[in-house]
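Reader: I've got a model open on my screen and I keep tripping over the labels people use. Could you walk me through why things get called what they're called?

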Amino acid sequence: MQVRFFLWLMIVMLLTSCTSQTYPPIKRDEAIIGVVNIKEQSLSFIDYNTKQVMTTWQMKKPITKAALLPDGDTIVLFGQDMDEMIAYTLSTGTETRRWNVEKGITDVLVTERHLLVVNEKKGTVSIMTFDGKVKKVITTPPSPFSIVEDDKHRQWIVIHFKNGAISFIDQTTKRVTRTVDTLDSAVSGFVVPETNELWVGGHGSGATIQQEVYVHSLVDGRLLTRVRAETMPIQFVQTNEAIYALCHGSNMLYAFEPKTKRMMRSLDVGANPFAMTKAKSDLVIASYDSNELIFVDEKTFKQTNTVSVGHGPFYIFFRDAKGE
């Protein structure tokens, strides 16, 4: 009898440990902003229309970013110190799949059919299916950090954190075609198709703090100009109004005229802001030190709302309601 009891107990413990947690669902007909809070390892979801927190998922994993798939209902969570990627369906709050990866993932680009997974430690970009099957591994120069897509020229562009470099990958051959120098400790790139430009931002290195955006040609990679943006420009968004640069070293948001690069407006925003996204008529900014999302109207360039989220908001994404 005692043996049976212990066998039963072991089975229950095994089943419990294998059952993934279910979270409060996020309806597909709701426009939301998702926030990755890295200090507390959680995901906050904000109703875009009411500007209220809907729910927070406590993940208990060192996630740093989330990739929203084309169905608008699946997110893939990953982090630089994670050895797996995990997919969740928002509308049910359930885990749908997970797969093993090597630690070092810093960014994921979502295309129509694949994930392009950047591994800084390995120096690779892996092309994966949405369920984690690796189709191709592309070796890049050292320290790939982020990746953007340039559909106009059929290429992917990788920003390298160390040694100040940009590499260009041909989408057809899946090979690096050229590598050019850029600013030190670069972290992000932004494609401006109408001017054939790539805007690059970052931290700078050592005692040299980055005070400028580097603007490169999408055609041949050469440096075209530099745009003053103090201090540490790290994120970019473009609307019909302007190209916006978020600087987390100075807590400043700048608006630039795309063709002339003239600074049109500036706004002091947040406390150590780390991320920015466009949500309809708003620019939404993650204020890391104050644990807030800040909404800025793109037309008036004024702060309109502030929403408290989890500790350490580091990455944000916008998902519109289905049919809108």
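**Why the labels fit**

Author: Sure, and keep in mind that this is a predicted model. Let's start in the loop between strand S15 (176-181) and S16, which is where Ser185 sits.

Reader: Why is Ser185 called buried?

Author: The cut-off for buried is under 20% relative accessible area. Ser185 comes in at 12%, so Ser185 counts as buried. Its backbone is worth a look too: phi is near 55°, a positive value in a residue that isn't glycine.

Reader: What about Ser143, buried or exposed?

Author: Ser143 has a relative accessible area of 7%, which is under 20%, so the call is buried. You'll find Ser143 in the loop between strand S11 (134-139) and S12. Here phi is near 60°, again positive and again in a residue other than glycine.

Reader: Where is the cis peptide bond that starts at Glu230?

Author: The bond runs from Glu230 to Thr231, with omega near -10°. Thr231 belongs to the loop between strand S21 (223-228) and S22.

Reader: Now Ser167. What makes Ser167 buried?

Author: Its relative accessible area is 0%, and the limit is under 20%, so Ser167 is buried. This serine is part of strand S14 (residues 165-170). Beyond its sequence neighbours up to four places away, Ser167 touches residues including Trp156, Val158, His160 and Arg178.

Reader: How do you know that Ser167 and His160 make a polar contact?

Author: Their side chains are joined at 2.7 Å. A polar contact needs N or O atoms within 3.5 Å, with one able to donate a hydrogen and the other to accept it, so this pair qualifies.

Reader: Why does Val309 count as buried, given that it lies in a loop?

Author: The label depends on accessible area, and Val309 has 15%, which is under the 20% cut-off, so Val309 is buried. The loop in question links strand S29 (302-308) and strand S30 (313-319). Setting aside neighbours within four places in sequence, Val309 is in contact with Val35, Asn37, Ser44, Ile46, Asn291, Glu292 and Leu293. Val309 and Thr56 are 253 residues apart in sequence, yet 8.5 Å apart in space, C-alpha to C-alpha.

Reader: What makes a set of residues a nonpolar core?

Author: The members must be buried, of the listed nonpolar types, and joined through side-chain atoms within 4.5 Å. In soluble globular proteins, nonpolar side chains tend to be buried together. The largest core here has 17 residues, and Leu43, Phe45, Trp57, Met59, Ile75, Leu77 and Tyr88 touch the most other members. Strand S1 (32-37), strand S2 (42-47), strand S5 (74-78) and strand S6 (84-89) each give this core at least two residues. Apart from it lies another core, of 16 residues, among them Val35, Val284, Ala286 and Leu293.

Reader: Which residues lie nearest the centre of the largest pocket?

Author: Lys65, Asp107, Ile147, Gln235 and Tyr315 do, out of 49 lining residues. The pocket holds about 1,500 Å³ of space. Among the strands that each supply at least two lining residues are strand S4 (65-68), strand S12 (144-150) and S30.

Reader: How many of the lining residues are nonpolar, and why does Lys65 not count as one?

Author: The lining divides into 30 nonpolar, eleven polar and eight charged residues. Lys is classed as charged, so Lys65 goes with the charged residues of the lining.

Definitions and conventions. Residues numbered from 1 in each chain as written. Predicted model: local features only at pLDDT ≥ 70, side-chain atom pairs only at ≥ 80, totals over all residues. Heavy atoms only, no water. Helix = DSSP H or I, 4+ residues; strand = E, 2+ residues; numbered from the N terminus. Buried < 20%, exposed > 50% of the residue type's maximum accessible area, 1.4 Å probe, protein only. Contact = heavy atoms within 4.5 Å. 1 Å grid on protein atoms, 1.4 Å probe; cavity = no way out; pocket = protein on both sides within 12 Å on 5 of 7 lines; lining within 4 Å. Points joined across faces, edges and corners; volume = space filled by probe spheres on them.
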